[in-house]
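Open the model in your viewer and keep the selection tool at hand. Each stop below says what to select next and what is there.

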Amino acid sequence: MPDDDGAGTVREKVLDFIRSKKGHIADLSDVLRLIEAEGGHPGLLEEMAGDGAISVSGDSVFLSSESYLPKVRCLICDQRVDRQDLVPFFREKHFPFVSWGFHKECLEGGARDEMIASGMFRFEDGGVYPAYEYGEGKNPVTIAIRFLRSEDFLYTLELKSDKE
Ligand SMILES: [Zn+2]
């Protein structure tokens, strides 16, 4: 009997589980719990990420196949973001990842610095997180967009790019 007997089954269950989630994105903790419950070995997730079946970003696990990815729009310019250019935006309370992010390019030219300086965003593990309060009736995306597309924010960026 090979050492990894049954691993294929756990792997399928993990993929099915992620597929069953909205946007094909699952919480990392839920996936780890599933692997443990199914008797999979702890390194399975890493192994699957290593061979490209899934991607792990922050606290989220998603299927790597492009066809499974939700369309992501940029919070700054509102255009669609391709996977390789994506800096994901995470909200932490209800759903770890929403279909919003940033073009790497849109964060250049001072935007990233300005966002950090504002105290409204945190940059961690290759993603962006809201550092402001939100909850009942307060959508973190709405708050982010209001700030990022405000005249003040855009004006500061313009001033910066003029100096360069
Ligand atoms: Zn953009």
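A polar contact is a pair of N or O atoms within 3.5 Å; within protein, one atom must be able to donate a hydrogen and the other to accept it, and residues adjacent in sequence count only if both atoms are side-chain atoms. Helices (H or I, at least four residues) and strands (E, at least two) are DSSP runs, numbered from the N terminus.

Before selecting anything, note that this is a predicted model: local features need pLDDT of at least 70, side-chain atom pairs count only at pLDDT 80 or more, and totals for chains, interfaces and linings use all residues. Residues are numbered from 1 along each chain as its sequence is written, and side-chain values use heavy atoms, with hydrogens and water left out.

**Stop 1: helix α5**

Select residues 140-148, which form helix α5. Go to the start of α5 and show the side chain of N139. One of its oxygens comes to within 2.7 Å of the backbone nitrogen of V141. Now colour by burial: buried means under 20% relative accessible area, exposed over 50%, partly exposed in between (1.4 Å probe, protein chains only). In α5 the buried residues are P140, V141, I143, A144, I145 and L148.

**Stop 2: the whole chain**

Zoom out. The chain has 6 helices and 8 strands. Along the sequence they follow the pattern α-β-α-α-β-β-β-β-β-α-β-β-α-α. Of the 164 residues, 40% count as buried. For contacts, use heavy atoms within 4.5 Å. Among contacts between residues at least 6 apart in sequence, 55% join residues at least 24 apart.

**Stop 3: the three-stranded sheet**

Select β1, β2 and β3. Strands pair here if DSSP finds at least two bridges between them. What order do the 3 strands of this open sheet take? The order is β1-β3-β2, with antiparallel pairing. β1 (25-27) and β2 (54-57) are the edges, each with a single partner strand, so one side of each has no neighbour in the sheet. From one strand to the next, the twist averages 25°. Strands of a sheet pair through backbone hydrogen bonds, either parallel or antiparallel.

Take the pairs in turn. β1 and β3 (residues 60-63) run antiparallel and are joined by 3 bridges. A26 stands opposite V61 in β3. Add helix α2 (residues 28-37), which packs on the sheet and touches β1, β2 and β3. The direction of α2 makes about 75° with that of β1. Such angles run from 0 to 180 degrees between N-to-C directions, with axes as lines fitted to C-alpha atoms, for helices over the stretch in contact.

On the other side of β3, 4 bridges join β2 to β3, again antiparallel. S55 faces F62 in β3. The hairpin of β2 and β3 has 2 residues between the strands, and G58 takes a positive phi near 60° there.

Stay in β2 and pick S57. Is S57 buried or exposed? At 14% relative accessibility, S57 counts as buried. Leaving out residues up to four places away in sequence, S57 touches F62, P88 and F90.

**Stop 4: K71**

Move along to K71, in the loop between β3 and β4. K71 counts as exposed, at 59% relative accessibility. Beyond four places in sequence, K71 contacts R80 and S99. Draw a distance from the C-alpha atom of K71 to that of V81: 7.6 Å, for residues 10 apart along the chain.

**Stop 5: the zinc ion**

Select the zinc ion. Which atoms coordinate the zinc ion? They are C74 (SG), C77 (SG), H103 (ND1) and C106 (SG), at 2.1 to 2.4 Å. Donors are N, O and S atoms within 2.8 Å of the metal (3.2 Å for Na, K and Ca); water is not among the atoms, so sites may look incomplete. The angles among the 4 donor atoms are 98 to 118°, and the site is tetrahedral. Four donors earn that label if all angles lie between 85 and 135 degrees.

The donor residues are spaced C-x2-C-x25-H-x2-C in sequence. C74 lies in strand β4 (residues 73-74) and H103 in strand β6 (residues 97-103), so the pair ties together parts 29 residues apart in sequence. C74 is buried, at 0% relative accessible area. H103 is also buried, at 14%.

**Stop 6: G110**

Finish at G110, in the loop between β6 and α4 (111-118). G110 is buried, with a relative accessible area of 14%. Setting aside residues up to four places away in sequence, G110 touches L157 and K160. Add T156: G110 and T156 are 46 residues apart in sequence and 8.7 Å apart in space, C-alpha to C-alpha.

Note on methods. Tetrahedral: all angles 85-135°; square planar, octahedral: opposite > 155°, others 65-115°.
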